[in-house]
Number of protein chains: 2
Amino acid sequence: MSLPLFVQNAWSPSSGESVNLLVQDGIVQAVGPNVNPPAGPSNILQAKGMALVPPFVNGHTHAAMTLFRGYGDDMPLMEWLQTRIWPAEARLSEEDVYWGTRLACLEMIRSGTACFADMYWHYHAVARAVEDAGIRAFVGSILIDVAGEEQARQFQYLAEKNLEENSRYSTRVQFSLSPHAIYTVSGPSLSWLADFSQKHQVLTHIHLSETRHEVEECLRQHGMRPAFYLDQKGLLSPLTLLAHGVHLNEDELDLIASRGATLVTNPVSNMKLAVGGVFPYARAHHRRIPMAMGTDGAASNNGLDLLQDVKILALLQKHADGDPTVLPASQAFEILTGSRAPLLGLSGQIAAGEKADFLLMRRHDVEITPEHCFTSNLIYAMTGHQVDTMVVDGHILMTDRQIPDQDEIRHEVSHRAERVCKE
Amino acid sequence: MSLPLFVQNAWSPSSGESVNLLVQDGIVQAVGPNVNPPAGPSNILQAKGMALVPPFVNGHTHAAMTLFRGYGDDMPLMEWLQTRIWPAEARLSEEDVYWGTRLACLEMIRSGTACFADMYWHYHAVARAVEDAGIRAFVGSILIDVAGEEQARQFQYLAEKNLEENSRYSTRVQFSLSPHAIYTVSGPSLSWLADFSQKHQVLTHIHLSETRHEVEECLRQHGMRPAFYLDQKGLLSPLTLLAHGVHLNEDELDLIASRGATLVTNPVSNMKLAVGGVFPYARAHHRRIPMAMGTDGAASNNGLDLLQDVKILALLQKHADGDPTVLPASQAFEILTGSRAPLLGLSGQIAAGEKADFLLMRRHDVEITPEHCFTSNLIYAMTGHQVDTMVVDGHILMTDRQIPDQDEIRHEVSHRAERVCKE
């Protein structure tokens with residue numbers, strides 16, 4: 001039983017007023033100008049000079065890849081994978097993944113991300129890291145069966161086992177399925193995953209339509225484009241999270257809209273790896289397709305700060321469409337805070353009855369002076385460094401930018417990264 | 001006569017060693033592992049844990065436009081200019097420009113920029129702000145003569161006067177000519193400026209080839225593309241700084257290369273305003289055209305942090321060329337530090353005999369852990385927030401991220417921005 005949390009004198013961007021906020025048992029009890037402090041003992045956050053903002057949602061990442069930040073930039077994709085990433089990943093222990101994910105969680109807390117959808121190896125290492133860090137995640141082990149049926153049976157076993165064992169964690173840690181892609185998971189396995197996802201009502205997180213090569217190969221092998229192929233296997237549903245979606249055509253967008261799947265755009269990674277296209281934001285928006293944004297892994301970004309990435313997303317869409325009015329700050333804010341992606345569980349609202357996840361953001365930094373429009377400043381001028389305080393599930397994970405175990409995590413990762421990446 | 005400055009135990013990214021650095025009279029006297037502190041009194045900077053890095057050069061901005069940060073984003077260009085920027089600019093006083101420029105200088109110091117090329121109104125307001133802030137700038141009043149010969153005579157008078165009066169400032173404040181563009185300055189005035197620039201050997205800073213419309217109009221009116229037109233007027237020389245250059249063709253690049261002019265790319269502004277093209281980096285690089293990068297004004301960016309922008313520059317070039325190897329971190333570093341743009345006066349080197357301009361950057365932040373490659377981290381993972389200390393002309397402008405008059409400037413600008421932008 002934890003003490004109530006009382007936030008005093010925060011500034012609300014939506015009302016323009018000073019508000020107080022009362023939290024109990026991980027839920028916002030009340031928020032508004034006239035909310036009184038609780039009668040008994042409580043934790044109090046003084047929020048004068050700070051904006052009360054919903055936290056951010058990272059719809060696609062490989063958190064532990066912080067270990068490989070800056071390890072081979074500016075390289076051709078296959079050379080990078082073959083000479084750097086894959087050999088290093090082969091050396092990763094479960095503890096390496098734990099610490100890499102802890103570092104990612106640190107970075108996310110420092111930049112306001114309360115929830116992420118992860119896809120990586122070593123399920124329990126990631127789950128433990130999320131549990132210990134205090135944030136929320138959809139954890140999914142990468143599922144691949146290029147080696148054949150034995151590998152398929154193995155991942156089916158692991159999916160069952162991880163789902164069952166996930167009960168050891170709090171509700172912040174959500175089990176998800178993470179088939180890697182349509183070209184690394186067989187047709188029968190995709191069908192099996194579709195059944196499993198429906199039966200257990202769990203999120204399925206998959207890379208889709210990231211490169212032209214993927215589309216061409218799908219057409220060649222299956223005679224249809226990737227979204228249609230995935231749908232044929234039963235894997236396009238309101239539980240599906242599609243990462244990238246760069247090369248989707250109109251028919252695929254119609255199909256995704258009709259199935260209620262969620263798209264996640266990763267603008268920085270797409271540009272850095274030069275995937276040769278741009279996420280069709282305006283067309284997806286027009287169809288009201290649920291949508292989030294992701295950083296992808298730190299190896300192809302090289303950071304996890306969604307405030308830096310949301311600016312790049314807005315810039316890229318304006319550039320690609322030749323129209324400065326595309327993806328305005330108000331829409332970028334909805335994407336950033338997850339309110340356009342209900343599948344990921346955060347509402348983008350701070351209101352009575354909602355989960356007690358919120359940020360206090362500094363309003364008086366040089367970089368955001370003057371404040372003609374808070375939302376404009378948030379999207380185009382802020383970075384994660386303006387996040388002062390983060391509360392997730394009613395717990396203060398950071399305040400005054402201080403996080404208790406930061407230095408330990410940094411040192412641990414530095415040593416492990418050096419070992420894992422030795423050539 | 002100021003005390004010598006001694007920097008102790010900085011980490012040098014080029015040598016990988018710990019070095020000391022001795023500064024006297026604005027010049028680096030010595031740098032290396034075995035440099036001893038001076039015998040007499042000195043100022044000492046402890047730099048353990050920090051990297052010694054050359055400061056950054058912002059090749060194109062309108063500094064005082066920090067006043068308009070976030071004042072009308074996501075709008076069509078002409079509507080934005082006509083309903084927001086121009087009416088607000090008409091209300092700007094000289095003191096408004098002074099304080100707006102002070103805020104810009106603060107932001108630049110906080111993000112490691114030691115020198116910028118400015119183009120705005122109220123010459124002495126900008127010059128005084130640069131002088132007071134302690135950084136370097138090429139200051140140029142916007143020259144336009146769309147109103148006819150009287151306006152042309154007026155700006156000629158002002159150019160002469162400002163050049164002469166510039167002697168009241170230190171050498172950090174450099175006079176420059178800033179004709180706005182080929183479509184706002186008449187042919188005879190461009191020729192006059194070319195003569196003036198050569199006679200007094202002063203830099204000429206002009207927008208060129210920012211939009212397709214500019215190219216089409218130039219072809220229609222003058223029967224040639226913008227770079228050729230500018231050359232015909234005598235204004236393409238080693239003293240010319242060309243901002244944008246988005247729509248240059250091969251012949252124009254050849255011409256610019258042969259004349260030795262410097263190009264300045266502004267990736268964020270170009271994307272935000274959706275100018276419909278991408279700066280031809282690889283083709284300009286191949287021709288060894290001198291090159292810098294700029295933020296453009298805060299109204300179209302909305303910040304002045306070159307570390308954020310250099311990442312976007314590298315991403316955009318990879319994206320546009322469909323090649324992840326384009327504009328690698330090492331080249332981005334050269335552009336960022338001005339070593340590819342000798343016209344702007346900083347060498348990108350920290351060595352005995354060079355100007356004492358340098359940064360101490362934090363190496364142990366979460367966002368840049370691990371450190372597989374310092375340059376990768378600098379270009380792809382750092383923001384201005386990792387700049388701990390900035391020294392310009394031998395003077396400490398910021399250390400431990402503290403700048404004395406920061407709050408006063410912020411308050412002053414907030415009040416002025418509110419007045420100027422009232423609708």
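**View 1. Pro370(B) and its cis peptide bond, in the loop between β15 (358-362) and α13 (374-381) of chain B.** This is a predicted model, as are the other views. In chain B, Pro370(B) sits in that stretch between β15 and α13, and the peptide bond that leads into Pro370(B) from Thr369(B) is cis, with omega near -5°. Chain A has its own version to look at: Thr369(A) and Pro370(A) are joined by a cis peptide bond with omega of about -5°. Pro370(A) is likewise found in a loop, the one between β15 (358-362) and α13 (374-381) of chain A. As background, most peptide bonds are trans.

**View 2. Two residues with positive phi, Asp296(A) and Ser209(B).** Most residues other than glycine have a negative phi. Asp296(A) isn't a glycine, yet its phi is positive, at about 65°. To find Asp296(A), go to the loop of chain A between β14 (291-293) and α11 (306-321). Is Asp296(A) buried or exposed? Asp296(A) counts as buried, because it has 28 C-beta neighbours inside 10 Å, and 20 is enough for that label. Over in chain B, Ser209(B) has a phi near 60°, again a positive value in a residue other than glycine. Ser209(B) belongs to the loop between β11 (203-208) and α6 (212-222) of chain B. With 28 C-beta neighbours inside 10 Å, Ser209(B) counts as buried, too.

**View 3. Strand β13 (residues 262-265) of chain B, covered on both faces.** In a regular strand the side chains alternate between the two faces of the sheet. Here, Thr262(B) and Val264(B) are on one side of β13(B), Leu263(B) and Thr265(B) are on the other, and all of them are buried. Which strands pair with β13(B)? One is β12 (residues 240-244) of chain B, which pairs with β13(B) in the parallel sense over three bridges. Look for Leu242(B), which stands opposite Leu263(B). To get from β12(B) to β13(B), the chain passes through helix α8 (residues 250-259) of chain B, and this β-α-β crossover is right-handed. The other partner is β14 (residues 291-293) of chain B, which runs parallel to β13(B) and is joined to it by three bridges. Within β14(B), Ala292(B) is the bridge partner of Val264(B).

**View 4. Helix α13 of chain A, mostly covered.** How many of the eight residues of α13(A) are buried? Seven of them are: Phe374(A), Ser376(A), Asn377(A), Leu378(A), Ile379(A), Tyr380(A) and Ala381(A). The cover over these buried residues includes β5 (50-53), α11 and α12 (329-336) of chain A.

**View 5. Domain 1 of chain A against domain 2 of chain A.** The domain assignment splits chain A into domain 1 (5-54 + 350-406) and domain 2 (56-343). Taken over C-alpha atoms, the centres of these two domains are 29 Å apart. Where they touch, 21 residues of domain 1 are in contact with 21 residues of domain 2. On the domain 1 side, the elements that give two or more residues are α13, β16 (387-392) and β17 (395-398) of chain A. The helix from View 4 turns up again: α13(A) provides the largest share of that side, five residues. By residue type, the domain 1 side breaks down into 12 nonpolar, six polar and three charged.

**View 6. Chain A meeting chain B.** Each copy brings its own set to this contact: 53 residues from chain A and 53 residues from chain B. On the chain A side, α2 (94-110), α9 (267-272), α11, α13 and α14 (406-421) each give two or more residues. Which of these elements gives the most? That's α14(A), with seven residues. The chain A side divides into 25 nonpolar, 17 polar and 11 charged residues.

**View 7. How the copies are related.** Two copies of a chain are related by a rotation about an axis and a shift along it. For this pair, a rotation of 180° with 0.0 Å of shift along its axis puts chain A on chain B, at an RMSD of 0.0 Å. That's the relation of a two-fold axis. Also, 100% of the interface residues of chain A are interface residues in chain B, so the copies meet through the same surface.

Terms used. Residues are numbered from 1 along each chain as its sequence is written. Chains are lettered from A and ligands numbered from 1 in the order in which they are written. This is a predicted model: local features need pLDDT of at least 70, side-chain atom pairs count only at pLDDT 80 or more; totals for chains, interfaces and linings use all residues. Copies are superposed by least squares on the C-alpha atoms of residues with pLDDT of at least 70 in both. Two residues are in contact if their C-beta atoms, placed from the backbone, lie within 7 Å. A residue is buried if 20 or more other C-beta atoms lie within 10 Å of its own, exposed if 12 or fewer, and partly exposed in between; C-beta atoms are placed from the backbone. Ala, Val, Leu, Ile, Met, Phe, Trp, Tyr, Cys and Pro count as nonpolar, Asp, Glu, Lys and Arg as charged, and the others, Gly among them, as polar. Domain bounds come from an automatic or database domain assignment. Two strands pair if DSSP finds at least two bridges between them. A crossover is right-handed if, with the strands pointing away from the viewer, the path from the first strand over the helix to the second runs clockwise.
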